[in-house]
Amino acid sequence: MANDILGVSVTGLKVSQTALRTVGHNIANAGTEGYSRQRIEANTNPANLLNGNYVGSGAHVNSIQRIVNQFVVEQTRTDSAMFNDLETYFNQISQLDNLLANESTGLGSSLNRFFSAMQNGADDPTSIPARQLIISEAQNLADRFNSIHERLQLIESGVDTGMEVAVGRINALANNISQLNLQIANAMGAGGRALPNDLFDQRDLALKELSSLVSLQAYDQGNGQINISIGTGQSLVIGDQAYRLELADSAVDPSQKDVVYFDGTRRTPIGDALNGGTLGGLLRFSDTMTSIYNELGKVAVTMADSFNQAHQQGVDLEGDFGSSFFYDINDEAIARGRVVGNSGNAKPDNRQLALYIADSNKITGGDYEMSISQGGVFKITRLGDGVQVANGLLNGQLPVSVKFDGLELELQNGSFQAGDKFMLQPVRSGSNDFSVTVSSPRDIAWASPLVTDAALGNRGTGSISAGDLLSLKDASGNPLPLFADAGRMSPPLIVVFNTPHSYDILDNSDPANPVHLNPPIRDQRYVPGVTQNLFPQNTGGTQVSTNGDMMGLPNGRLAVTQAALLTGGAEPDFTTSDFSGSPFSFRVSVTGTPSGARDGDFTITVAGANITDNQSLLSHLNSQLNHSDVAAYIADDGSVAFRLRTPGYGNISLDNYAGGAPGLANNLLGFDIENSTFTTEGNADGVAGYGNLTNGYPAELVTITRPSATPGARPVSVNLYTPQNASAKELANLLSNQPGIEANAFNYVELSDLNLTHDAPLQINLNGTDLLEYGVNIISGDPVLSAAVPDPENDPDGFYDYLAERINGNPALQAKGIYAVAGEDALTGARELRIYSTEGDDFAVSLTAGAGQSIDISDGDSSPLTLTGAGNSVGSQIVVGGRLDVTLDEGITLGGTPSDSMIFGNTRAADFAQPTYLGIQASISGSPQAGDRFTLDFNHDAAMDNRNGLKMIELQQAKLGTAGMSFNQAYGSLVERVGIDTSAAKINRNAAEQVLQQSEEPAIRFPE
């Protein structure tokens, strides 16, 4: 009985026996992994009431407890997940560090050997062995790129295998834990809530191993069971139910693996949400591998592209342009391989896309995602920073091309649908694709195709650089015409200095007759002593020239005449000189001036007392005409005549005679003023005024359109209004004030076909400057042509030379950039005077000569116009407007209203805007003189030329790409980054190991 002495003793014996058995169990499992030491919890049995006292009845075992600290257990799981993550990442990235930084397996030494071979070849460009060494080292470099890529793939394959093992072990542990949950629940139910300590130990051990594989969260469900979740809350174990993880090809990129959670009905990718443990470390390293592929691939792509561009611009030993040195980065198969369709894209799987490298210096080296939503709206997002780099609308018409970040995505064919997604990987396979295409040493293009020279007869100190070929293709990738024909430059070019401050670049196909290019490069400004590039560098730039019907001196224009009333009378008779007692008067009428601005009636009264000669007579008459546009003068036949001071529309009439004795006025004036009327209308008595002394340029609306600064927004337009009769110089200033536009104004006229005599009143006036010198006859006092003026009738050559000297020696004309050259017509050989304006001012040319004498004037394009003399003091005049060459930056267009512009021509014509990029560059320096010439042509003697080779060698130090680093620097940066990551991973791994060791020593941290 329990209250017996023996019974009480038995209870104590049983407690002791249980304690001994527990100790023995502890001793037996001292080496068992995961075992937790146990101890009994003994309680006193209830006392019995005996004889008024409670007598003890012994003891019993209340429970057997594990000696374990749950906080330490959970902390150990956390620390284990962190350590195994860092341990795994460190082990993997150490392989990368050993691969990339090692001189034997890395890229640095191969790069250096290749460029050393290039330098040796440049030192002796004719050496075949030196050229062969270049090819050998290039192949070694390609092999090194390829071998590194293969090693990366092996490492990546090892990562995939590790992930597969980890996922399999996670699933096994999840099943084990779910079964232990079931066993624990059953045991506790059967044992009246007694704790199955050994099962708890087994489950904790499984949880610890699971935490070494992936970070987890454990929750007590009650009844001794726990639930486990991973990632963002995905349940791995719920009670006795376990769920699976799977390793599958990524929907985004089938070449990559992703972890998929399977809940029995649906599979959900959760790789991005997992962290910690071996699996987390492998997933994190997998992301690192993507950046390694891309950075190495970017070096390969940039190097291949830059070398190919340089090599293709050189000439080999056969005189042919070089082919690609390395592989074609835009090979169609490679371009298509850069685009990976998402496995979730709707059927049919018939989409064809290709991703081309448009500019390797602008690529970022990252990956992109293209997605299509409802309505055909697409967007392209850079995955590295989430920035949307392009968007647009698919309207059903293919192909569609989209440019961004130095890339060009072409949607070629297929049924693109809402929901489609595509991974864009511009450079991931770059190191694997890298190969050498040049095979023969004779095919290495060392020489430059361009050679320049200065004419032996140049008088100035100007010099031209060796010249440089920039590109063989335009902005759209089309061949430029300059070197389109094998073995020649079409056309060869010549730079001709018209003055020390201006030059033209001409087509020199016929050296005896260079002609303007299309579009022309003419009347270019030059500052002596300053090095100046000759050719446009904007690859997408265009040029518009003023080719409207009103430009220059169009056919159909007539000379502007000055109204001159020629009475055809006799010389004045001064027999009677005092008219104070017998005055007379007549009316001078002006009609037909523009808008009647100078019309009017003016009465002249002759009442002077001392009119004794022509001078006093003209003074008397003109003093009364001061406020009119009329002036009296003595005509060539000696008679009194009248003219309008302003050339152009207008007529003069004389009538309304009154007073005076009969015959007195007629004698004085020399014509029948008393009985007749005179008028210039219809050229009845003299010459009627005709035309306007302007260039005739109309007022028009010019529209400038440029791309918006906001991607995807509509272009921006600006309207400009050209003033009527504005000079080319004024139009150029108006246009040049617009960003991205540069207008160059100039003017040109030719004087030819002289029909002149060496007699007064001969005069040629240019922009207000009389070109012919005059003296005075010491006997008669009449003006006479200077003896320095050659006779145009007998010495036309000397006359043209004289005019050129007078123009070129005039400071006022020089200040406006006006100069002249006496030359010969290229077709007829006839002499002519060519007058230029480098600023674009109008040319106002006037001829005063005897009646019937003439000179032709032309703008060089249209038929000549004849200026005809009408006697002294009366000019036949014309204003010739200049022209413009308007250079537009890429994307800028010029239009007008009306579209068929009288200034620019047909603005809607396909060839209205001409591309300006020639693909070459050269510079002039020093101080050339007028007439100096410099030529540019194909290099037909290229064997000893190494200029293009030196350009390729310079690529070793060139700052390329968006980061502005050389190839060695870019690779060194990659090695440095991996080294830093490896060092940091090692430090973090060691620290995590110390933390885990402390967590696994509960006896020290939590003594019993």
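Select strand 10 (residues 257-262) and strand 11 (residues 267-269) to begin: the two run antiparallel and are joined by three bridges. Strands here, like helices, are DSSP runs numbered from the N terminus (E, at least two residues, for strands; H or I, at least four, for helices), and two strands pair if DSSP finds at least two bridges between them. The model is predicted, with local features requiring pLDDT of at least 70 and side-chain atom pairs pLDDT 80 or more, while totals for chains, interfaces and linings use all residues. Residues are numbered from 1 along each chain as its sequence is written, and side-chain values use heavy atoms, with hydrogens and water left out.

**Strands 9 to 11**

Within this pairing, Phe262 stands opposite Arg267 of strand 11. Display both side chains: the charged end of Arg267 sits over the ring of Phe262, 4.0 Å from the ring centre. The criterion for such a placement is NZ of Lys or CZ of Arg within 6 Å of the ring centre and within 35 degrees of the ring normal. The hairpin of strand 10 and strand 11 has four residues between the strands, and Gly264 takes a positive phi near 105 degrees.

Next, add strand 9 (residues 244-249), which is joined to strand 10 by six bridges in the antiparallel sense. Here Ala248 stands opposite Asp258 of strand 10. Five of the six residues of strand 10 are buried, where buried means under 20% relative accessible area, exposed over 50% and partly exposed in between, with a 1.4 Å probe and protein chains only.

**Strands 5 to 7**

Move to strand 6 (residues 225-230), where six of the six residues are buried, so the strand is largely enclosed by the rest of the structure. In a regular strand, side chains alternate between the two faces of the sheet. Colour the two faces separately: Gln225, Asn227 and Ser229 lie on one side, Ile226, Ile228 and Ile230 on the other, and all are buried.

Strand 5 (residues 217-222) pairs with strand 6 in the antiparallel sense over five bridges, and Gly222 has Gln225 as its bridge partner. Two residues separate these strands in their hairpin, and Asn223 in the turn has a positive phi of about 60 degrees. Beyond strand 6, select strand 7 (residues 234-238), which runs antiparallel to strand 6 and is joined to it by three bridges. One bridge partnership to display is Ser229 with Ser235 of strand 7. The hairpin of strand 6 and strand 7 has three residues between the strands, with Gly231 in the turn at a positive phi of about 60 degrees.

**A five-stranded open sheet**

Five strands form an open sheet in the order 28-49-46-40-41, with antiparallel pairing. Its edges are strand 28 (560-561) and strand 41 (769-770), each pairing on one side only. For the interior, select strand 46 (residues 843-848) and strand 49 (residues 876-880), which run antiparallel and are joined by five bridges. Val845 stands opposite Ile878 of strand 49.

**The nonpolar cores**

A nonpolar core is a set of buried Ala, Val, Leu, Ile, Met, Phe, Trp, Tyr and Cys residues joined through side-chain atoms within 4.5 Å. The largest such core has 105 residues, of which Phe114, Phe307, Phe326, Met370, Phe404, Leu409 and Leu424 touch the most other members. Helix 4 (residues 128-190) gives the most to this core, with 17 residues. A second, separate core of 34 residues includes Phe799, Tyr800, Ala849 and Ile857.

Which residues does Phe114 touch, not counting those up to four places away in sequence? They are Ile134, Glu137, Ala138, Leu141, Met303, Phe307, Phe325 and Phe326, contact meaning heavy atoms within 4.5 Å.

**Aromatic pairs**

The structure holds 29 aromatic pairs. Rings of Phe, Tyr and Trp (its six-membered ring) pair if their centres lie within 6.5 Å; planes under 30 degrees apart count as stacked, over 60 as edge-to-face and the rest as tilted.

Display Phe114 and Phe326: their ring centres are 5.9 Å apart and their planes stand at 55 degrees, so the pair is tilted. Phe114 lies in helix 3 (residues 108-123) and Phe326 in the loop between helix 6 (277-312) and helix 7 (332-337), so the pair ties together parts that are 212 residues apart in sequence. Phe114 is buried at 0% relative accessibility, and Phe326 is buried at 0%.

Finally, select Phe497 and Phe934, whose ring centres are 6.0 Å apart with planes at 75 degrees, so the pair is edge-to-face. Phe497 in strand 23 (residues 493-499) and Phe934 in strand 57 (residues 933-938) are 437 residues apart.
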